[in-house]
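This report describes a two-chain model, beginning with one edge of a sheet and moving on to the whole chains and the contact between them. Please read it alongside the sequence and the coordinates.

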Amino acid sequence: MIAIARVAVAAALLVAVKPAACQAPAYKAPRTADGKPNLNGIWQVLGSAHWDIEGHAARPGPVVALGAVGAVPAGLGVVEDGPIPYQPWAAAKKKENAENWLTADPEIKCYLPGVPRATYLPFPFQIVQTPKSILMTYEFASASRIINTDNAVTESPIDTWMGHSRGRWEGETLVVDVTSFNGQTWLDRAGNFHSDSLRVVERYTAIGANALRYEVTLEDPTVFTRPWKLSMPLYRRLDRNAQLLEFKCVEFVEELVYGHLRKKAGK
Amino acid sequence: MKRSGMCHFPLAVIAIVCLTPGSAHGQTTKAAANSRPAAKKWTAPRTPWGAPDLQGIWDFATITPMERPTDLAGKAVLTDQEAAEFEKTTLERRNPDRRDGGAAADVGRAYNYVWWDYGTRVIGTRRSSLIVDPPDGKIPPLTPEGRKRGEARAALLRGPAAGPEDRNLWERCILGGNAGPPMTPGAYNNNVQLFQTPESVVLLNEMINDARIVPLDGRPHLASNVRQWRGDSRGRWEGNTLVVDTTNFRDPTNFRGASSSLHVVERFTRVDAGTLLYEFTIDDPKTWTRPWSAAIPMKKTEGPIYEYACHEGNYGMVNLLAGARAEEKAAEEAAKKDPR
């Protein structure tokens, strides 16, 4: 088992370094009772994609008091065929978002993070796989989404933060088609964004007992000039008795969001 | 779901998870849990790995009150006729489209049944209270500490909120008012979807879309210093029943002024094709003088469960705090004009 795990991690690292390598996976995942690749478990991304999905050098953070803790670690980037193909207006908007990060980023306000951002936030998430539907539940903000694999619900009646997810299996890969976004979520803390025209196609493929390959195609004709791709490995949380804990961040942003409406001391 | 929640959705949406009785795998279930009269010939479905299959979307809306109404004292179970009468009078009393109360009542009834989804029926057992123990159907007396805590909390909620912490956890969008544990019927979104794997059961409440993951592998509870708003749940199977044990709550809890010592034991048993019996026992010696228990037969329902983005649209909190500040300012200015 240890040897297998080591190979799996090595494979995951290779994929991380060479994200363009896209050949069919040699690994065949264990099966669930209904014969599908078993992706159940608690997963988490490593790296700094949550800061900036594009390659970036380390940089200082905006909060002086946080010093080294608040600085932004460097990252190789998870965009496969970058730079991100923004339309000219959208490139300007991205820049504006970055300049106004503290006031503009929905993550800071503890809003539901959307897809794919939920996946690579620095928090674990859990896949709960059943034959007709798959629940993905995220530690950040207790976000959840249901992925229908029986395609009984084909259309979302309303736009949402986490989108409307339909899933299907292609061999070893879970393919999830996500639409009906409300356009209020971002892609990272660097101001990368999308509109409510976004369509996300996610592909989850086991590349070892303890790693998944996560590939995402983003298509948004309002914002981008062509579809583009993200790719990164997801690692299984192997901690003893691993479980999602609460990160109900509303509590942590109440001062930020409502502080100006608080009763002043002494009144 | 249905006409409830923050938006008005069409009714004709198809279920996403709806295991029909025909999907049972033909295994003989243990007779014990099927001894209830309503379930004599019905065989509880099993998952492919042999666990009782509780999956699906379950609706716990009901107009049966938690506590037995005083005028029904001594009457634990209603007759069919009494149940029909109770439903009729309750719905008439609650009808938000009534216009017989003057302007103030009209404002109070501003939200009509597009919003509210209390349900229209008493529970299938026709019991006159959800509480089954104590036998009088009433919540046991509070301890002195529980009374004191409850009164302080109530006073806080009555007064103008100095900040969001003075409002309850539901208004703050930290927890869903009815999502538990324990789940209790409320004004709307009385729905929970159950997912099962061999390792865990997950309860996804529609209210605030909050997933509670219940490990089944016998692991211990979190360390006692790790406290959570929804506590920490562990599950096990007892025959056909899922038993979920929850501790590690934090203050303030979301349940009737309970302390963080609250210990909730929930039991889920399928009793017929369309019913998941949900029972819970509350034990909190810092709040109540004895443990107490309730039972709610949840009905299978069609979905899907919708996203409920509560915090993202919490204009209520903004308005409530802004209103309190405006009132203070008005009072201040009135005092300046008329100093006594």
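## Strand β1 of chain A and its partners

A:G41 has A:I127 as its bridge partner in β2(A). The next residue along, A:I42, has A:Q126 as its bridge partner in β2(A). These belong to the pairing of strand β1 (residues 41–44) with strand β2 (residues 125–129) of chain A, where three bridges join strands that run antiparallel. The model is a predicted one.

What else does β1(A) pair with? Two bridges join β1(A) to strand β9 (residues 228–236) of chain A, and these strands also run antiparallel. On that side, A:W43 has A:R236 as its bridge partner in β9(A). In general, strands of a sheet pair through backbone hydrogen bonds, in a parallel or an antiparallel manner.

Which side chains of β1(A) are buried? The side chains alternate along the strand: A:G41 and A:W43 point to one face and are buried, whereas A:I42 and A:Q44 point to the other face and are not buried.

These pairings are part of a closed barrel of nine strands in chain A, which runs β1-β2-β3-β4-β5-β6-β7-β8-β9 with mixed pairing. From one strand to the next, the twist averages 30°.

## The two chains

The table sets out the overall values for each chain.

| Chain | Residues | Helices and strands | Share of residues buried | Share of contacts (separation of 6 or more) between residues 24 or more positions apart |
|---|---|---|---|---|
| Chain A | 267 residues | five helices, nine strands | 40% | 61% |
| Chain B | 340 residues | four helices, 10 strands | 36% | 65% |

Read from the N terminus, the elements of chain A come in the order α-β-α-α-α-β-β-β-β-β-β-β-β-α. For chain B the order from the N terminus is β-α-α-β-α-β-β-β-β-β-β-β-β-α.

One helix of chain B can be checked for length. Helix α3 (residues 144–158) of chain B has 15 residues, so at 1.5 Å a residue the helix should span 21 Å; the C-alpha atoms at its ends are 21 Å apart, which agrees. Is α3(B) well covered or hardly covered? It is hardly covered, as the count of buried residues among its 15 residues is one.

## Backbone geometry in the loops

Each chain has a cis peptide bond to report. In chain A, a cis peptide bond joins A:V115 and A:P116, with omega at about 10°. A:P116 lies in the loop between α3 (101–104) and α4 (117–120) of chain A. In chain B, a cis peptide bond joins B:D251 and B:P252, and omega is about -15°. The loop that holds B:P252 runs between β7 (241–247) and β8 (263–272) of chain B.

Positive phi angles also occur at non-glycine residues. A:A141 is not a glycine, yet its phi is positive, at about 60°. This residue lies in the loop between β3 (133–138) and β4 (144–148) of chain A. A:A141 counts as buried because it has 26 C-beta neighbours inside 10 Å, where 20 or more are needed.

B:C173 likewise has a positive phi, of about 65°, although it is not a glycine. B:C173 is found in the loop between α3 and β3 of chain B. With 23 C-beta neighbours inside 10 Å, B:C173 therefore counts as buried.

## Where the chains touch

How many residues of chain B are in contact with chain A? The number is 44, and they are in contact with 39 residues of chain A. On the chain B side, the elements that give two or more residues are β3 (191–196), β4 (200–205), β5 (210–215) and α4 (315–337). The largest share, six residues, comes from α4(B). By type, the residues on this side of chain B divide into 28 nonpolar, seven polar and nine charged.

The largest nonpolar core has 103 residues, of which A:L135, A:L212, B:V202, B:L204 and B:Y278 touch the most other members. One of these, B:V202, is in contact with A:V128 and A:L135 of chain A, and with B:F195, B:A211, B:R212, B:I213 and B:V214 of chain B, leaving aside its neighbours within four places in sequence.

How values were computed:
Residues are numbered from 1 along each chain as its sequence is written. Chains are lettered from A and ligands numbered from 1 in the order in which they are written. This is a predicted model: local features need pLDDT of at least 70, side-chain atom pairs count only at pLDDT 80 or more; totals for chains, interfaces and linings use all residues. A nonpolar core is a set of buried Ala, Val, Leu, Ile, Met, Phe, Trp, Tyr and Cys residues joined through C-beta atoms within 7 Å. A residue is buried if 20 or more other C-beta atoms lie within 10 Å of its own, exposed if 12 or fewer, and partly exposed in between; C-beta atoms are placed from the backbone. Two residues are in contact if their C-beta atoms, placed from the backbone, lie within 7 Å. Ala, Val, Leu, Ile, Met, Phe, Trp, Tyr, Cys and Pro count as nonpolar, Asp, Glu, Lys and Arg as charged, and the others, Gly among them, as polar. Two strands pair if DSSP finds at least two bridges between them. Axes are lines fitted to C-alpha atoms, for helices over the stretch in contact, and angles run from 0 to 180 degrees between N-to-C directions. The expected span of a helix is 1.5 Å times one less than its number of residues.
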